[in-house]
Amino acid sequence: LITMAKGLGGGFQPIGATVVSDKIRCAIEDGSGVLKHGLTYMGHPVACAAALAVQRFIAEHDVLANVRTQGDYLMEQLRGVFANHPHVGDIRGQGLFVGVELVSDPMTKQTFDPKLQLHAVLKKTALRNGLMVYPGGGTVDGVNGDHVVLAPAYTVSAPEIDEIVARLQTSIDGAVAQVNKETS
């Protein structure tokens with residue numbers, strides 16, 4: 001099962017979808033034959049039309065070529081800037097969806113104390129620096145671990161990526177300094 005939403009309607013119309021493999025489809029057909037799903041807006045014609053228009057635009061204008069090119073550039077820039085950063089444990093992702101793991105020690109991958117809520121401090125710091133990130137905590141074991149996800153627009157350019165990476169570096173350094181100050 002794969003669920004999807006936001007990009008499907010390109011921000012023009014809320015819509016979500018679930019895609020299933022033949023194996024799952026056959027299991028449903030060979031079982032009860034019934035998939036109880038959908039509520040008020042199931043198959044909403046305006047939402048479906050908007051999603052179809054967005055997906056056609058993406059295909060006709062080869063928007064995903066920019067995602068691949070700029071995604072590679074984003075990863076290259078992040079890995080270059082944060083290669084020896086004292087609080088970045090890992091950088092991983094694909095295309096323009098990249099996660100940056102934050103650690104107190106990159107050699108041991110020791111996490112920050114979860115009580116510090118570094119991911120939340122980083123979100124606020126990044127917003128003050130004009131950068132939107134998706135923060136997360138408890139990603140190692142449900143309690144420990146901090147990260148942020150970057151997900152720039154499909155149309156992002158290399159100079160914009162340079163700005164994103166610079167703002168992220170400033171934000172990480174500022175957030176870590178803040179939480180370290182609070183524990184001193």
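These are my notebook entries on a predicted model, covering its sheet, two of its helices, its nonpolar core and a few single residues.

**Entry 1: the sheet**

I began with the strands. I found an open sheet of 4 strands in the order β3-β4-β6-β5, and the pairing is antiparallel. I then looked at which strands stand at the edges. They are β3 and β5 (134-137); each has a single partner strand, so one side of each is left without a neighbour in the sheet. I also noted the twist: neighbouring strands are turned by 20° against each other on average, with direction ignored.

**Entry 2: strand pairs, taken in order**

I started with β3 (residues 88-94) and β4 (residues 97-102), which pair in the antiparallel sense over 6 bridges. Within this pair I looked up I91 of the hairpin and found V100 in β4 as its bridge partner. The hairpin of β3 and β4 has 2 residues between the strands, and G95 takes a positive phi near 60° there.

Next came β4 and β6, which are also antiparallel and share 5 bridges. Here G99 stands opposite V149 in β6.

Last, I checked β5 and β6 (residues 146-150), which run antiparallel and are joined by 4 bridges. Two bridge partners were noted: Y134 has V149 in β6, and G136 has H147 in β6. V149 therefore came up twice in my list, opposite G99 and as partner of Y134.

How much of β6 is covered? I counted 4 of its 5 residues as buried, so I wrote the strand down as mostly covered.

**Entry 3: helices α4 and α6**

I moved on to helix α4 (residues 63-82). It lies across β3, β4 and β6 and runs at about 175° to β3.

I then set α4 against helix α6 (residues 158-183). Their axes come within 10 Å and cross at roughly 35°. The crossing is right-handed. On the α4 side the contact is made by Q70, Y73, L74, Q77, L78, V81 and F82. On the α6 side I listed A158, I161, D162, V165, L168, Q169 and I172. Sorted by class, this contact has 10 nonpolar, 3 polar and 1 charged residues.

**Entry 4: the nonpolar core**

I looked for the largest nonpolar core and found that it has 30 residues. Those with the most contacts inside it are L74, L78, F82, I91, V100, L168 and I172. The elements giving two or more residues to this core are α4, β3, β4, α5, β6 and α6. Which of them gives the largest share? It is α6, with 8 residues. My background note for this entry is that in soluble globular proteins nonpolar side chains tend to be buried together.

I picked V100 for a closer look. Not counting residues up to four places away in sequence, V100 touches V88, D90, I91, D146, H147, V148, L168 and I172. Among these, I91 is the bridge partner of V100, and L168 and I172 belong to the contact of α6 with α4.

**Entry 5: the loop between β4 and α5**

I looked at three residues here. K109 lies in the loop between β4 and α5 (118-128). Its phi is near 65°, a positive value in a residue other than glycine. K109 is partly exposed, with a relative accessible area of 39%.

Q117 is found in this loop between β4 and α5 as well. Q117 is not a glycine either, and its phi is positive at about 50°. At 38% relative accessibility, I put Q117 down as partly exposed. I marked both entries because most residues other than glycine have a negative phi.

T111 is the third residue from the loop between β4 and α5. Is T111 buried or exposed? It is buried, with a relative accessible area of 13%; the cut-off for buried is under 20%. Leaving aside neighbours within four places in sequence, T111 is in contact with S104, V140, N144 and G145.

**Entry 6: H119**

My last look-up was H119, which lies in helix α5. H119 is buried, with a relative accessible area of 13%. What does H119 contact, leaving aside its neighbours within four places in sequence? I listed P135, G136, G137, D146 and H147. Two of these, G136 and H147, are bridge partners of each other.

Terms used: Residues numbered from 1 in each chain as written. Predicted model: local features only at pLDDT ≥ 70, side-chain atom pairs only at ≥ 80, totals over all residues. Heavy atoms only, no water. Pairing = 2+ DSSP bridges. Buried < 20%, exposed > 50% of the residue type's maximum accessible area, 1.4 Å probe, protein only. Axes fitted to C-alpha atoms, helices over the stretch in contact; angles between N-to-C directions. Contact = heavy atoms within 4.5 Å. Left-handed = near helix turned anticlockwise from the far one by under 90°. Nonpolar A, V, L, I, M, F, W, Y, C, P; charged D, E, K, R; others polar. Core = buried A, V, L, I, M, F, W, Y, C linked by side-chain atoms within 4.5 Å.
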